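Trainee: I should like to learn how to read a pocket, a helix and a single residue in a structure. May we work through an example?

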Amino acid sequence: MSGEGPVPAAARVVVRPLGTPLPLGFLGLLVATVGFSALQLQWLPPEQGRAVALGVLAFTVPAQLVSAVLGFLARDPVAGTGMGVLAGTWAAAGLVTLTGAPGASSAGLGTLFLAAALAMLVPAVAASAKLAAAGVMVLTAVRFALTGVAEITGSDGWSAAAGTAGLVLAVAALYAAAAFELEDARHRTVLPTFRRGPGRPVMTGSLADELADVAHEAGVGRQL
């Protein structure tokens, strides 16, 4: 009919099912934070710092890099951003520990830890629909902040505080990894993940509910 604009062409968006990357990333976090806590609490001699650093570089960093990529592919920017920040921070910590003198503190590394603590607050705030994940990220920010202060000051007291916070973080990361792994494997909530708001119907909502806003997601629209 005359006077009408052109009819927009239909577009088909293909969504690829992916498993949640959060358990892998959180287990990598568990390994790294326990290793560095053992050094900070002096459970291990300073000479073992290089072994811990190698373990973090060999396991934690690759695991969290994979988790970051899968997070973005699964349309979960919280997982992608959070795991990306974690991977970069642990890589820096591992390299500095590996190449530095055993037991030496580094003001430069401490500054990076403080910056990483602030960076972790971004995905933590955005993860408000998944409180288990948000809690791990907030605890990570606290752990990074304490570690940053310990590195800058060289204080044994701050180092002990950071190590203790690291162990608390390890427990939280282990719980969150188990909760999200069981949820993804059994397609129902086994351990509470404390979902709320838009995260609540993930296990119970229909496919139409899940895909309702896909047209507005990054990578689908014209602008990111």
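Mentor: We shall take these three topics in turn, bearing in mind that this is a predicted model.

Trainee: How much space lies in the second largest pocket?

Mentor: Rolling a probe the size of a water molecule over the atoms shows where empty space is left. Here, the second largest pocket holds about 630 Å³ of space.

Trainee: Which residues lie nearest the centre of this pocket?

Mentor: The lining has 28 residues, and Gly 103, Ala 104, Ser 105, Glu 151 and Ser 159 lie nearest the centre. Two or more lining residues come from each of α1 (22–40), α2 (49–73), α3 (77–99), α4 (107–126), α5 (131–153) and α6 (156–186). Sorted by class, the lining comprises 13 nonpolar, 12 polar and three charged residues.

Trainee: What span should the 31 residues of α6 have?

Mentor: One allows 1.5 Å a residue, so α6 should span 45 Å; its end C-alpha atoms are 45 Å apart, which agrees. At the start of α6, a side-chain oxygen of Ser 155 comes to within 3.2 Å of the backbone nitrogen of Gly 157. After α6 comes His 187, with a positive phi near 60 degrees.

Trainee: Is Thr 193 buried or exposed?

Mentor: Buried means under 20% relative accessible area. Thr 193 has a relative accessible area of 2%, so this residue is buried. Thr 193 belongs to the loop between α6 and α7 (207–210).

Trainee: Which residues does Thr 193 touch, leaving aside those up to four places away in sequence?

Mentor: Those residues are Lys 130, Leu 131, Ala 132, Ala 179, Phe 180 and Glu 183. With Glu 183, the side chain of Thr 193 also forms a side-chain polar contact of 3.3 Å.

Technical notes. Residues are numbered from 1 along each chain as its sequence is written. This is a predicted model: local features need pLDDT of at least 70, side-chain atom pairs count only at pLDDT 80 or more; totals for chains, interfaces and linings use all residues. Side-chain values use heavy atoms; hydrogens and water are left out. On a 1 Å grid over the protein atoms alone, a cavity is a set of points where a 1.4 Å probe fits but cannot get out, and a pocket is an open set with protein on both sides within 12 Å along at least five of seven lines; lining residues have an atom within 4 Å of a point. Grid points are joined across faces, edges and corners, and a volume is the space filled by probe spheres set on the points. Helices (H or I, at least four residues) and strands (E, at least two) are DSSP runs, numbered from the N terminus. Ala, Val, Leu, Ile, Met, Phe, Trp, Tyr, Cys and Pro count as nonpolar, Asp, Glu, Lys and Arg as charged, and the others, Gly among them, as polar. The expected span of a helix is 1.5 Å times one less than its number of residues. A polar contact is a pair of N or O atoms within 3.5 Å; within protein, one must be able to donate a hydrogen and the other to accept it, and residues adjacent in sequence count only if both atoms are side-chain atoms. Buried means under 20% relative accessible area, exposed over 50%, partly exposed in between (1.4 Å probe, protein chains only). Contact means heavy atoms within 4.5 Å.
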